[in-house]
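Here's a quick tour for anyone meeting this structure for the first time. Have a look at it, and then we'll go through the cysteines.

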Amino acid sequence: MWWLRPSFRFRCTSSGTPSLLPGSEGIRMEYVAVFVACIFPGALVAFNDDVMQALPCFTALRVYCAGIWHNAVCCAVCGLALLLLPVLLFPFYIHGESPMVLGVPSTSPLSGYLSRGDVIVSVDGVPIRNAQEWMDMAAFLNELSLNDENHNMDVQSIGTVSNRKGYCVPNSMMEESKRMLVVDNQSSCPDSLTSFTTVPCAYTSISGDDRLRIIEKTYCLNAKDVVKLNKCGDGWPPTITNGSNCICSQDESCLSPIQIPGLIWVEVTYSRPYSLECLRVRRKSFADSRNSDSMESNCGGTFVFVGNVISMARSVRLTAYRPRWAFPLGTYLPNVLERILRCTFQVSLTLALLNSLPVYLLDGESILEASLLHFTLLSPRKRRKVVQVCLFGGTLISILAFLRIVLYGL
């Protein structure tokens with residue numbers, strides 16, 4: 001009589017694991033077969049049943065758990081490598097300072113603003129250190145916008161202005177711009193200009209002629225010039241405005257862009273440290289310190305995005321690693337290593353859990369039988385009943401769980 005046990009493992013490791021532990025216990029394998037069940041690679045290991053029955057319970061349990069321990073060790077190695085990856089790549093990469101753009105699809109709303117190799121420095125003045133903070137900031141701004149819209153709907157009859165992002169615009173710039181009359185919050189600024197409206201310092205109730213007078217003070221300005229000015233209003237983080245809504249000087253006025261409901265005004269500051277223009281200007285800057293303005297224009301800047309911030313954030317691929325030197329394919333290496341380690345960790349963990357389940361024809365069946373042998377209070381008949389009940393219930397639950405995953409995945 002032969003003992004056959006299918007064991008799902010990695011194809012590259014399934015041949016080494018079954019032979020190492022049984023060989024150390026003096027057990028000779030009859031043969032090993034490799035197969036693929038659906039998309040899962042596996043190995044079929046055959047032992048002599050008389051030899052397996054004669055082994056002590058603990059020794060037999062170690063043999064049955066050989067594949068599970070192998071996958072568990074693989075998970076531990078991959079997890080440790082992921083934790084130490086920033087340290088291992090430290091001589092070549094900067095980690096956790098600002099995320100770098102790996103790619104921007106042509107369908108992305110940021111196409112034309114960002115490109116591969118750009119570094120995202122901040123969003124609305126808040127420093128961004130990694131891709132997770134980029135997504136968290138987008139979710140925060142979206143939630144803040146939704147709460148602000150609901151608040152404005154509740155107090156629309158009172159005329160309260162709140163959570164407005166403003167800029168301290170010099171009065172001279174306002175006089176040069178074209179003043180326009182806004183009717184029903186609709187402006188007719190040229191496509192190259194953005195409509196701005198004055199915002200009072202104290203965000204209190206405004207009604208009657210005062211409210212109409214404020215709405216009429218609308219200006220068409222260039223957003224690229226405005227974003228370089230100091231910020232005002234309560235729509236910015238407190239660290240930007242020092243907790244004060246009115247920080248503009250006497251010869252400045254606080255102006256806020258007129259936005260369409262549902263669209264969010266977001267400032268994104270970026271740098272291009274690896275561009276040829278930036279590298280060329282950086283070399284010249286060592287000889288002439290007056291090139292700081294040209295270096296800023298060639299090495300990055302700030303642009304304004306108006307739209308759905310969630311779609312904006314999801315439309316770009318980011319990595320927390322930045323190469324210390326510009327070299328071909330260097331931007332993708334840490335991301336590829338992270339993906340390989342994460343995939344190996346997840347697959348190994350899945351296979352370890354799968355093998356340990358009390359399911360027919362898997363290692364979990366033999367593990368359950370060997371484990372119950374330690375319970376001497378159970379008679380052989382009761383042990384067989386417990387094994388059958390556990391195997392039937394484990395197989396049924398596993399099938400239902402697998403079908404649920406498949407159906408939800410479709």
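How much area does the protein chain expose, and what share of it do carbon and sulfur atoms supply? In this predicted model, the protein chain exposes about 24000 Å², and 60% of that comes from carbon and sulfur atoms. The chain has 410 residues, 39% of them buried, and it holds 15 helices and 15 strands. Of the contacts with a separation of 6 or more, 74% are between residues 24 or more positions apart.

Now for the disulfides: searching the whole structure turns up 3.

| Pair | S to S distance | Torsion about the S-S bond |
|---|---|---|
| Cys168 and Cys248 | 2.0 Å | -85 degrees |
| Cys232 and Cys254 | 2.0 Å | about 100 degrees |
| Cys278 and Cys299 | 2.1 Å | 105 degrees |

The link of Cys168 and Cys248 is left-handed. Cys168 sits in strand E7 and Cys248 in the loop between helix H9 and strand E12, so this pair ties together parts that are 80 residues apart in sequence. Cys168 is buried at 1% relative accessibility, and Cys248 is buried too, at 17%.

Cys232 and Cys254 make a right-handed disulfide. Cys232 is in strand E11 and Cys254 in strand E12, so the parts they tie together are 22 residues apart in sequence. Cys232 is buried at 0% relative accessibility, and Cys254 is buried at 9%.

The link of Cys278 and Cys299 is right-handed. It joins helix H10, home of Cys278, to the loop between helix H11 and strand E14, where Cys299 lies. Both cysteines are buried.

Cys343, on the other hand, is in no disulfide: the nearest cysteine sulfur, that of Cys78, is 9.4 Å away. Cys343 is partly exposed, at 44% relative accessibility.

Definitions and conventions: Residues numbered from 1 in each chain as written. Predicted model: local features only at pLDDT ≥ 70, side-chain atom pairs only at ≥ 80, totals over all residues. Heavy atoms only, no water. Helix = DSSP H or I, 4+ residues; strand = E, 2+ residues; numbered from the N terminus. Buried < 20%, exposed > 50% of the residue type's maximum accessible area, 1.4 Å probe, protein only. Contact = heavy atoms within 4.5 Å. Areas by Shrake-Rupley, 256 points an atom, 1.4 Å probe, with all protein chains shown as cover. Disulfide = S-S within 2.5 Å.
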